[in-house]
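Work through the exercises below with the structure in view. Try each task before reading its solution.

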Amino acid sequence: MIAKLASEARFKDVVLAPRGGGTGTNGQSLTDGVVVDISRHMNQILEINAEEGWVRVQTGVVKDQLNAALKPHGLFFAPELSTSNRATIGGMINTDASGQGSCLYGKTRDHVLALNSVFLDGSEWLSEPMTDAELEAVKQRNDKVGEVHRLVDAIHSENRALIVDVFPPLNRCLTGYDLAHIRTEEGLFDLNSVLCGAEGSLAFITEAKLNVLPIPEYAALVNIKYAGFQDSLEDAKQIMGCGPTSVETIDSKVLSLAMQDIVWQTVEDYFPQDAAEPEIKGINLVEYTAASQAELEAGVARLTAYLDEVNQQPAKSFGYSVVYGSAEISKVWAMRKKAVGLLGNAKGQQRPIPFVEDTAVPPENLAPLLQSSGRCWISTGWRMACLAMWMLVFCMCVRRWI
Ligand SMILES: Cc1cc2nc3c(=O)[nH]c(=O)nc-3n(C[C@H](O)[C@H](O)[C@H](O)COP(=O)(O)OP(=O)(O)OC[C@H]3O[C@@H](n4cnc5c(N)ncnc54)[C@H](O)[C@@H]3O)c2cc1C
């Protein structure tokens, strides 16, 4: 009804902005016009099909709410984000959200099977990958649904070469219209590739059919020691090749703060320091999750085989430990979390200034990027939250030497 009214001439100047949890960092759901709060009344989980591994929800459902409902079925919605206790599925779809674990699970778009949308003239549409014949039929429609399909198909067909040229080979596309994936690998037309990440600019998304996965019951964390922070970053590409769930790098500054804090006592066994070894100046925390112990050990073995092969080589790691079980693993993550907080209380007058956040960098470019930051001093944690190639840098404080 709202969308239908908005299409009337008398309301043509009224701007509508769908809103989920309102956690979008750019304030995307803010407007001088009318905010349509989807989370208020459209927050029902409509259907869970555990057998086929999918769920159908209204898009005002909060991510943690969905996972709480899926838990008794041994399932979960895999895309992760820090604001999971308030961000909605609609917001996640429209920002193509992802976070820790995306090395393995990808981003929200990778788990969207179908979307129900309402366009600005009130027309409704269920979008799923479609054949060319189906696309031609939709393009004949005399409403926004037809118009959007005509436009997107024309942009894609007329600019195919340019799109291939301009779009870098990203696995993590962030927000924006993902024109590069309008056609699936099977050649089907998939409007969901532009609806996901559209930041509410194309339609109200009212319902979503989502792929859900078995909860991984087994977890391991490999703690890798380096003599230099740069070395730990240089290793990113090789580590990514070993198929982890997530990777996080900690530099010497954050590490030394942790070592001076009481929290270190809870994890020091996992970072033994032999007098014959170099000082630890960088750490990679590499997490594996799996549905069985055998699958878990196979993942860990891929990484440790690589580490054993390069052990003590110049600019490589010089030791590692493996932690099994979520209780022990959470101690290491707690140390990391606390240590980053300790930065704010570092001794002296110099203070870290939040400078760049949420930057996506291919792992192979991360070390050169930091090197090229010249006289800047980079501290705190990096989270490699990526599919095979991409890295989401979560928290980066830069302090200039004055
Ligand atoms: C502290 C902090 C940490 C964060 N960490 C992460 C992270 O780890 N990973 C990550 O990806 N993001 C992260 N974010 C960003 C944010 O949480 C995500 O973008 C989240 O997906 C937004 O969800 P939301 O429900 O709050 O959406 P909102 O902020 O309400 O809206 C986001 C966009 O989606 C549109 N929208 C919302 N619902 C609908 C709908 N039903 N139909 C059409 N359009 C809609 C809005 O118009 C807006 O453009 C973080 C943000 C903060 C503040």
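**Exercise 1.** How many nonpolar, polar and charged residues does the shell around the ligand have?

*Solution.* Start with the ground rules. This is a predicted model, in which local features need pLDDT of at least 70 and side-chain atom pairs count only at pLDDT 80 or more, while totals for chains, interfaces and linings use all residues. Residues are numbered from 1 along each chain as its sequence is written, and side-chain values use heavy atoms, with hydrogens and water left out.

Next, fix the classes. Ala, Val, Leu, Ile, Met, Phe, Trp, Tyr, Cys and Pro count as nonpolar; Asp, Glu, Lys and Arg as charged; the others, Gly among them, as polar. Now sort the shell: 10 residues are nonpolar, 18 are polar and two are charged.

**Exercise 2.** Which residues come nearest to the ligand, and which helix gives the most to its shell?

*Solution.* A residue is near the ligand if one of its heavy atoms lies within 4 Å of it. There are 30 residues around the ligand, and Pro18, Gly21, Thr23, Gly24 and Thr83 come nearest.

Then turn to the elements. Helices (H or I, at least four residues) and strands (E, at least two) are DSSP runs, numbered from the N terminus. Strand 1 (16–19), helix 4 (89–95) and strand 8 (204–211) each supply at least two shell residues. Helix 4 gives the most, with five residues.

**Exercise 3.** Where does the ligand have polar contacts, at Thr88, Gly91 and Thr95?

*Solution.* Look for pairs of N or O atoms within 3.5 Å. In the side chain of Thr88, an N or O atom is 2.7 Å from an oxygen atom of the ligand. For Thr95, a polar side-chain atom lies 3.0 Å from a ligand oxygen. Gly91 uses a polar backbone atom, 3.4 Å from an oxygen atom of the ligand. Finally, the protein covers 88% of the 980 Å² of accessible area that the ligand has on its own (Shrake-Rupley method, 1.4 Å probe).

**Exercise 4.** Why is one side of strand 3 and of strand 7 left without a neighbour in the sheet?

*Solution.* Two strands pair if DSSP finds at least two bridges between them. The open sheet has five strands in the order 3-4-8-6-7, with antiparallel pairing. Strand 3 (45–49) and strand 7 (124–127) stand at the edges with a single partner strand each, so one side of each has no neighbour in the sheet.

Now step inside the sheet. Strand 6 (residues 112–118) pairs with strand 8 in the antiparallel sense over six bridges. Val118 stands opposite Phe204 in strand 8.

How values were computed
A polar contact is a pair of N or O atoms within 3.5 Å; within protein, one must be able to donate a hydrogen and the other to accept it, and residues adjacent in sequence count only if both atoms are side-chain atoms.
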